[in-house]
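Thanks for passing this one along. Here are a few notes to read beside the coordinates, numbered so that you can reply point by point.

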Amino acid sequence: ALPNASMHFYVSRSKSMVMGELSRGSSRPSSPSLQDRALKAGWLKKQRSIMKNWQLRWFVLRTDQLYFYKDEEETKPQGCFPLQGSQVNELTANPDEPGRHLFEIVPGCTGEKDRSALSHEAFLLMANSQNDMEDWVKAIRRVIWAPFGGGIIFGQRLEDTVQYERKFGPRLAPLLVEQCVDFIREQGLKEEGLFRMPGQANLVKELQDAFDCGDKPLFDSNTDIHTVASLLKLYLRELPEPVIPFNKYEDFLTCAQLLLKDEEVVSLLYISLQ
């Protein structure tokens, strides 16, 4: 027999499965409209029973729901997970079960303090890899927070972020960049190993999630400078296109060459005057 704690876990997950089934209604949900475009699609496993069985299904993320199909060719979804007001969380990997990249969707939950009351209703999903799981979590968060003015910052085009944030006042760079740079200027210019020494990985992750969920976390005197530097590096690294755009790369090289020529002319003039 299962211990009480284990039984609670399995019963909870069975409720997850039931909730997933209920989201379909008495019959399959109707196909999404043509205007409701797919934001992401791919294979995921979903938990289907109290015995921890898994079903491989083709998932399609749309503007307010996550649909799943038997395969890529199906046009009628088998079911869907509603996303409005929900929360998506990465689950800590179990070292005893390598290769299980799990995340959950918690219905009707938009804050951490609400999660404990509703975690038993979570929809449990498994991705093929860590990168695949992180991509799904980011995409789903973008959908969840879009109605609240939030959305993914990391991995989003620089132009899109700047254009969106102009709603809140004139700004030449994303708020995250301004905040990190200002803090580094004030607190870190004399710090040894800045941008070389890594920050606290768990805190970097927390700050990334906060910005991605539309929060505006503040840094104070207790904030680790290397963590802020690592956060800024992570943001720049995840941009779909470098800060210097591909279509302007040659122009920047030309400018650099002109500057070098100007420096050579200045150096020659200086030598001739000696």
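1. How much accessible surface does the protein chain have, and what percentage of it belongs to carbon and sulfur atoms? The accessible surface is about 16,900 Å², and carbon and sulfur atoms account for 55% of it. Please keep in mind that this is a predicted model.

2. On the overall make-up, the protein chain has eight helices and seven strands. Of its 274 residues, 37% are buried. If you take the contacts between residues at least 6 apart in sequence, 59% join residues at least 24 apart.

3. Helix α5, residues 175-187, passes a simple length check: with 13 residues at 1.5 Å a residue, α5 should span 18 Å, and its end C-alpha atoms are indeed 18 Å apart.

4. Which residues of α5 are buried? They are L176, V177, Q179, C180, F183 and I184. These residues lie on the same side of α5, because they cover an arc of only 165 degrees around the axis. Their packing partners are α6 (201-212) and α7 (225-237). On the face turned away from this buried side, α5 carries the exposed residues R185 and E186.

5. You may also like to look at a nonpolar surface patch formed by I244, Y249, F252 and L253, which together have about 370 Å² of accessible area. Within this patch, I244 sits in the loop between α7 and α8 (249-272). I244 counts as partly exposed because its relative accessibility is 36%, a value between the 20% limit for buried and the 50% limit for exposed.

Notes:
Residues numbered from 1 in each chain as written. Predicted model: local features only at pLDDT ≥ 70, side-chain atom pairs only at ≥ 80, totals over all residues. Heavy atoms only, no water. Helix = DSSP H or I, 4+ residues; strand = E, 2+ residues; numbered from the N terminus. Expected span 1.5 Å × (residues − 1). Buried < 20%, exposed > 50% of the residue type's maximum accessible area, 1.4 Å probe, protein only. Arc of directions from axis to C-beta. Contact = heavy atoms within 4.5 Å. Patch = residues over 30% accessible without salt bridge, like charges linked within 9 Å, V, L, I, M, F, W, Y side chains within 5 Å. Areas by Shrake-Rupley, 256 points an atom, 1.4 Å probe, with all protein chains shown as cover. Salt bridge = Lys/Arg side-chain N within 4 Å of Asp/Glu carboxyl O.
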